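Reader: I would like a close look at a single part of this model, with its surroundings described in one connected account.

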Amino acid sequence: MEDNHPDADTYRASRLMFKMSGVKTRRYTPSSDIEIDFPLEDDAMTKSNSPTESEILRNSELGKGEEKEQFRNLLKEEANYDPVTTPSGKRMGALSWDTYFMAVSFLSAMRSKDPNTQVGACIVDSNKCIVGIGYNGFPRGCSDDALPWSREGASDLHTKYCYVCHAEVNAVLNKCSADLKGATLYVALFPCNECAKVIIQSGIREVVYLSDKYHDSNLCRASRVMFRMAGVELRQYRPRENTVHIKFSSN
């Protein structure tokens, strides 16, 4: 997006090699910034006993005093550097892992053509690497313009439900790793029973969701039954802030 040093030798070398190898380059010009909102129903919040994001962050720091002291002693011994008296200067306010991955799922949802419900999903492995992304839409090759997006019709065939693939299924099918064993899935909406089956069969061990507005439906009841039987952990994401602003700039 940015090319702040077009005349630098390193950038000239890059352009030279790209042209030699036939790699196409294209400058991206954004039309606007993006704001990702995390809407959450009040009744869904009351149904969850999940810890807040701040509680998770706080708990993650517990019991690390001894390890931190070991790191401090190591740096003092090997580098003559004391991180306590000389702070590292890292930037504060970086997105937490939960916010980052949930925001990615919401960003993916912006690709959905569904006029009523846009859902995205993001799958993360044990190393905090994204290994699958998906959003709700029709199968590949099935026209977004020809098939119906309606929720009601004269026949089931006149509604989207016979054709649409949910975000969770697409994220699993789009995986870029050998398997998803032990992975975590982030999704805006608590998974339905059909998605729950795919999630369990894929080996995913944790589901982090934002909204649970269909909590009392039979589909979600069936999902919870299967998740609990299969040992899949469920956790409701409770953001500290409702909006993530993506600003397209080099700084």
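Which are the buried residues of helix 7? Please also describe what lies around them.

Author: This is a predicted model, and the chain as a whole offers a useful setting for the part you ask about. The protein chain has 251 residues, 32% of which count as buried, and its secondary structure comes to 8 helices and 7 strands. Of the contacts between residues at least 6 apart in sequence, 67% join residues that are at least 24 apart.

Helix 7 spans residues 193-202, and its buried residues are Asn193, Cys195, Ala196, Ile199, Ile200 and Ser202. The cover over these buried residues includes two helices, helix 6 and helix 8, together with strand 4 (184-189) and strand 5 (206-211). After helix 7 comes glycine 203, with a positive phi near 100°.

Helix 7 also takes part in the lining of a pocket, the second largest, to which helix 6 (167-173), helix 7 and helix 8 (218-230) each supply at least two residues. This second largest pocket has a volume of about 580 Å³, and of the 21 residues that line it, Tyr161, His166, Leu189, Cys192 and Tyr214 are the closest to its centre. Sorted by class, the lining consists of 11 nonpolar, 5 polar and 5 charged residues. Helix 6 and helix 8 therefore appear in both descriptions, since the cover of the buried residues of helix 7 includes them and the lining of the second largest pocket draws at least two residues from each.

Conventions
Residues numbered from 1 in each chain as written. Predicted model: local features only at pLDDT ≥ 70, side-chain atom pairs only at ≥ 80, totals over all residues. Heavy atoms only, no water. Helix = DSSP H or I, 4+ residues; strand = E, 2+ residues; numbered from the N terminus. Buried < 20%, exposed > 50% of the residue type's maximum accessible area, 1.4 Å probe, protein only. Contact = heavy atoms within 4.5 Å. 1 Å grid on protein atoms, 1.4 Å probe; cavity = no way out; pocket = protein on both sides within 12 Å on 5 of 7 lines; lining within 4 Å. Points joined across faces, edges and corners; volume = space filled by probe spheres on them. Nonpolar A, V, L, I, M, F, W, Y, C, P; charged D, E, K, R; others polar.
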